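Open the model in your viewer and set it to a cartoon view, with side chains ready to switch on. We will take in the whole chain and then visit some residues one by one.

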Amino acid sequence: MSSSTSRRSYGVKGAPYGFLLPATILFALFFALPIGYAVWLSFRKVRVFGLGLGSGARKEVWAGFENYTQAFQDSELLHGTLRVLGYGCVVVPVMLGLALLFALMLDSEKVRLAPFTRLAIFLPYAIPGVVAALLWGFLYLPDVSPFYFVLDKLGLPQPDLLDGGPLYLALSNIAVWGGTGFNMIVIYTSLRSIPAEVLEAAKLDGATPLQVAVRIKIPMVAPSLVLTFFFSIIATLQVFNEPTTLKPLTNSVNTTWSPLMKVYQDAFGRNDIYSAAAEATLIAVVTLLLSFGFLRAANRRNKQEAAG
């Protein structure tokens, strides 16, 4: 009896691990192992012996930090990083500002058709990034865009959004259009969890809707704002779909416009997977450090506010 009881107890205690096992296996196969393999490749290179002819003329050898040194000295990677930083300075504040504004408007008591409005704002997020970039690319091309046709008929100037400085706005618009809905849902969900008695007390004290939004709602959804900012930073550093899709439409977007495009070009254009692995590892490390640093700063600020 005690033996069966112990087996039953062991089975109950081991049940959570059994449920976690499939996810753990998938995580190891499709996430952890590819990352480990990429890091291992970043320390390797191909050495050519002699004229490079014959079966043993090309051999994979240990390279140490040579690939990383080349990545740090690569001007194309540096310029791509600077372009992405400029792109992020436009995308992140505009996207989060609109998401917060829409969430506050939907949380208002005077809102009408809230379910339809939520769906309409969120729907662009459900469209794949490549499809969205193609649609916007069609609207950006002067020869086929209906907007340029209307501007021409009205005698108004027709800016070229795929060249020079306006290109950043064109790319940012695609990201803002597609990402605002997701961030809005996260913030809106947090707003709906605010206790009703808190809002009711503010109204009894004579607070206007604007004062309630600024002094109560926004501070109470600060964790959601931190989360959406965290996701937006990661997405910005990994921008790839939009510039890659618009590249055939303009000469202003080259094959190394963003860091991930540089990784793709090195891996599949130059067939140098070792340099690409080092660059991808550097991008991952920078993303991790920025994310960790921001989250730590946010947590420190929350603790200071709680202590004060």
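## The whole chain

With everything selected, start with the surface: the chain has an accessible surface of about 19,400 Å², and carbon and sulfur atoms account for 68% of it. Keep in mind on this tour that you are looking at a predicted model.

Now rotate the cartoon. You will find 13 helices and 2 strands in the chain. Along the principal axes, the C-alpha atoms fill a box of roughly 90 × 85 × 40 Å. The radius of gyration of the chain is 26 Å, whereas a compact globule of 308 residues would have one near 19 Å. As for the interior, 33% of the 308 residues count as buried.

How do the contacts divide along the sequence? Among contacts in the chain with a separation of 6 or more, 63% are between residues 24 or more positions apart.

If you like, colour by charge next. There are 24 positive and 18 negative side chains, and 11 Å separates the centres of the two sets.

## Stop 1: helix α7

Select residues 166–192, which form helix α7, and show S172 within it. Is S172 buried or exposed? S172 counts as buried because its relative accessibility is 3%, and the cut-off for buried is under 20%. Zoom in on its side chain: a polar atom there lies 2.6 Å from the backbone oxygen of Y168. Further away in sequence, beyond four places, S172 touches Y87, V90 and V91.

Stay in helix α7 and move to I174. I174 has a relative accessible area of 4%, so this residue is buried too. Which residues does I174 touch, leaving out those up to four places away in sequence? Show A133, W136, Y140, E242 and L246 to see them. Then draw a distance from I174 to G129: the two are 45 residues apart in sequence, and 8.5 Å apart in space from C-alpha to C-alpha.

## Stop 2: helix α10

Next, select residues 222–237, helix α10, and pick out T228. With a relative accessible area of 1%, T228 is buried. Where does its side chain reach? The side chain of T228 comes to 2.9 Å from the backbone oxygen of L225. Now add L96, N183, V186 and I187, which T228 touches when residues up to four places away in sequence are not counted. Two more loops and helices remain to be visited, so clear your selection and carry on.## Stop 3: helix α12

Select residues 259–269 to bring up helix α12. Its buried residues are P259, M261, K262, V263, D266 and A267. A general point helps when you look down the axis: an α-helix has 3.6 residues a turn, so residues three or four places apart point the same way.

Focus on D266, which has its place in helix α12. Its relative accessible area is 1%, so D266 is buried. Turn on the side chain of R270 as well: the side chains of D266 and R270 make a polar contact at 2.7 Å. Setting aside neighbours within four places in sequence, D266 is in contact with N271, D272, I273, A276 and E279. For a longer distance, try L290, whose C-alpha atom is 25 Å from that of D266, with the two positions 24 residues apart along the chain.

## Stop 4: two residues with positive phi

Just after α12, select N271. N271 sits in the loop between α12 and α13 (273–307). Although N271 is not a glycine, it has a positive phi of about 60°. Is N271 buried or exposed? Its relative accessible area is 65%, so N271 is exposed.

Now jump to L113, in the loop between α3 (75–106) and α4 (114–126). L113 is not a glycine either, yet its phi is positive at about 55°. L113 is exposed, with a relative accessible area of 64%.

## Last stop: helix α13

Finish at A280, which you will find in helix α13. A280 is partly exposed, its relative accessible area being 30%. Draw one last distance, from A280 to T208: their C-alpha atoms are separated by 50 Å, and the two residues are 72 apart along the chain.

Methods
Residues numbered from 1 in each chain as written. Predicted model: local features only at pLDDT ≥ 70, side-chain atom pairs only at ≥ 80, totals over all residues. Heavy atoms only, no water. Helix = DSSP H or I, 4+ residues; strand = E, 2+ residues; numbered from the N terminus. Buried < 20%, exposed > 50% of the residue type's maximum accessible area, 1.4 Å probe, protein only. Polar contact = N/O pair within 3.5 Å; in protein donor to acceptor, adjacent residues only side chain to side chain. Contact = heavy atoms within 4.5 Å. Rg over C-alpha atoms; globule rule 2.2 N^0.38 Å. Areas by Shrake-Rupley, 256 points an atom, 1.4 Å probe, with all protein chains shown as cover. Lys, Arg positive; Asp, Glu negative; His and termini not counted. Charge placed at Lys NZ, Arg CZ, Asp CG, Glu CD.
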